[in-house]
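Please find below a short note on how the helices of this model pack and where its nonpolar cores lie. The points may be read alongside the sequence and the structure.

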Amino acid sequence: MTARRAVLPLRVLLVLLFGLLVVLETVSLPGQFAHLAEQRPDLAHLRWPLTAVTVFWVVCAQVVVVATGKLLTLFEQDRVFSDGASRWVDVVLWAIGAAWAVLAVVSARVALTAEDPALPLLLLLLLAGVGALGLLVVVARALLRQATTLRTDLDAVI
């Protein structure tokens, strides 16, 4: 499958993903934490902080989905080697960085109060994974800038 032929299925998946994220942030997460507060009154004080943090992470994911859609549009228009593309990659990087920073704070808080090591270990795994994703985007941004410079230089020669 060529890259151009993959754009339409990727757009469909991004729209589906964005829709599922909307359902998650508006119905599922608030409902889940309301149910937790009812079933475990000793944890009821965590309802709103957990809702706010998880909805924030979903919003960060939505920002990445939208930015990816914008990058796909630039790809289709053969404008991926432009400042506009770099700006959208920066948006992805900022969203991942914000999600990672909040995850780091949550992980530290949980690690200090946890009685069982399973949840802190899971959060550490997520922290490493999101960190690796962020660094991968940093490398992709550097490659995009290098390719943009090379294309600009080539266009100037031709």
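1. The crossing of H3 and H4 is left-handed. The structure under discussion is a predicted model, and the remarks that follow should be read in that light. Helix H3 spans residues 83–113 and helix H4 spans residues 118–157. The two pack at an angle of about 160°, and their axes lie 9 Å apart. Because angles over 145 degrees count as roughly antiparallel, H3 is roughly antiparallel to H4.

2. The contact of H3 with H4 may also be described by residue class. It comprises 20 nonpolar residues, four polar ones and three charged ones.

3. Helix H2, residues 47–76, packs against H3 at an angle of about 165°, with 9 Å between the axes. H2 and H3 are therefore roughly antiparallel to each other. H2 passes H3 in a crossing that is left-handed. In the contact of H2 with H3 there are 21 nonpolar residues, one polar residue and one charged residue.

4. Helix H1 covers residues 3–39 and packs with H2 at an angle of about 170°. The axes of H1 and H2 are 10 Å apart. The pair is therefore roughly antiparallel. The contact of H1 with H2 contains 24 nonpolar, six polar and five charged residues.

5. Which residues form the largest nonpolar core? This core has eleven residues: Ala-67, Leu-71, Leu-74, Val-80, Ala-85, Val-89, Val-92, Leu-93, Ile-96, Val-137 and Leu-144. At least two residues of this core come from each of H2, H3 and H4. H3 supplies the largest share, five residues.

6. Leu-71, one of the residues of the largest nonpolar core, merits a separate remark. When its neighbours within four places in sequence are left aside, Leu-71 is in contact with Ala-85, Trp-88 and Val-89. Of these partners, Ala-85 and Val-89 are listed in the largest nonpolar core.

7. A second core is separate from the one just described and has eight residues. Among them are Val-7, Leu-14, Leu-29 and Leu-72.

8. In summary, the helix pairs may be taken in sequence order. H1 and H2 are roughly antiparallel, H2 and H3 are roughly antiparallel, and H3 is roughly antiparallel to H4. Residues from H2, H3 and H4 contribute to the largest nonpolar core, while a second, separate core includes Val-7 and Leu-72.

Key. Residues numbered from 1 in each chain as written. Predicted model: local features only at pLDDT ≥ 70, side-chain atom pairs only at ≥ 80, totals over all residues. Heavy atoms only, no water. Axes fitted to C-alpha atoms, helices over the stretch in contact; angles between N-to-C directions. Helix = DSSP H or I, 4+ residues; strand = E, 2+ residues; numbered from the N terminus. Parallel < 35°, antiparallel > 145°, perpendicular 65-115°, else oblique. Left-handed = near helix turned anticlockwise from the far one by under 90°. Nonpolar A, V, L, I, M, F, W, Y, C, P; charged D, E, K, R; others polar. Core = buried A, V, L, I, M, F, W, Y, C linked by side-chain atoms within 4.5 Å. Buried < 20%, exposed > 50% of the residue type's maximum accessible area, 1.4 Å probe, protein only. Contact = heavy atoms within 4.5 Å.
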